[in-house]
Amino acid sequence: MVIYRAMCEIEYKRTISNGRPDFNKRFKWFSHNLDFIKSRVQDGCFNNSKHEPDRYTRLLAFKIDDSDKSYFISKNEIQFDRRKNPKIILIGEVK
């Protein structure tokens with residue numbers, strides 16, 4: 001399954017250099033719905049991003065094979081727990 005994550009420049013650089021998501025906290029949220037990421041997450045109002053305008057400027061695609069290590073929080077949001085060691089592979093940046 002292909003999943004997407006919008007992120008700031010700092011997280012983007014760490015993710016690109018590692019080739020996988022940068023889990024500095026226990027959970028990471030992704031979406032399999034690219035339209036949701038572009039229209040809702042990157043709209044400038046998501047998760048207080050109006051106070052931090054550079055919060056979701058980069059958009060990356062990932063491949064996940066072991067989706068059994070994920071939790072569907074809503075129809076658009078998927079959560080991964082780093083303690084379950086999910087194998088999330090970086091595909092590249094979405095323009």
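**A friendly note on the fold and its cores**

1. A good place to start is the sheet: 3 strands make up an open sheet, arranged in the order 1-3-6, with antiparallel pairing. Strand 1 (2-7) and strand 6 (88-93) are the edge strands, and each has a single partner strand, so one side of each lacks a neighbour in the sheet. On average, and ignoring direction, neighbouring strands here are turned by 35° against each other. Please keep in mind as you read that this is a predicted model.

2. Next, what packs on this sheet? Helix 1 (residues 9-18) does, and it touches strand 1, strand 3 and strand 6. The direction of helix 1 makes about 40° with that of strand 3.

3. Let us look at one pairing in detail. How many bridges join strand 3 (residues 58-64) to strand 6? There are 5, and the two strands run antiparallel. For Ile 64, the bridge partner in strand 6 is Ile 88.

4. Ile 64 is worth a click in your viewer. Setting aside neighbours within four places in sequence, Ile 64 is in contact with Met 1, Ile 3, Phe 80, Pro 86, Lys 87 and Ile 88. Ile 3, Ile 64, Phe 80 and Ile 88 are also among the members of the largest nonpolar core.

5. That core has 11 residues in all. Besides the four just named, it includes Met 7, Tyr 12, Phe 23, Phe 30, Leu 60, Phe 62 and Ile 78. Strand 1, strand 3 and strand 5 (78-81) are the elements that each give two or more residues to this core. Which of the elements gives the most? Strand 3 does, with 3 residues. Another core, of 9 residues, lies apart from this one, and Ala 6, Ile 37, Val 41 and Ala 61 are among its members. As background, nonpolar side chains tend to be buried together in soluble globular proteins.

6. Now for the whole chain. The protein has 2 helices and 6 strands, and along the sequence they follow the pattern β-α-β-α-β-β-β-β. Among contacts with a separation of 6 or more, 72% are between residues 24 or more positions apart.

7. Finally, burial and surface. The protein has 95 residues, and 38% of them count as buried. Its accessible surface comes to about 5,900 Å², and carbon and sulfur atoms account for 48% of that area.

Conventions. Residues are numbered from 1 along each chain as its sequence is written. This is a predicted model: local features need pLDDT of at least 70, side-chain atom pairs count only at pLDDT 80 or more; totals for chains, interfaces and linings use all residues. Side-chain values use heavy atoms; hydrogens and water are left out. Two strands pair if DSSP finds at least two bridges between them. Helices (H or I, at least four residues) and strands (E, at least two) are DSSP runs, numbered from the N terminus. Axes are lines fitted to C-alpha atoms, for helices over the stretch in contact, and angles run from 0 to 180 degrees between N-to-C directions. Contact means heavy atoms within 4.5 Å. Buried means under 20% relative accessible area, exposed over 50%, partly exposed in between (1.4 Å probe, protein chains only). Accessible areas come from the Shrake-Rupley method with a 1.4 Å probe; for residues, only the protein chains shown count as cover. A nonpolar core is a set of buried Ala, Val, Leu, Ile, Met, Phe, Trp, Tyr and Cys residues joined through side-chain atoms within 4.5 Å.
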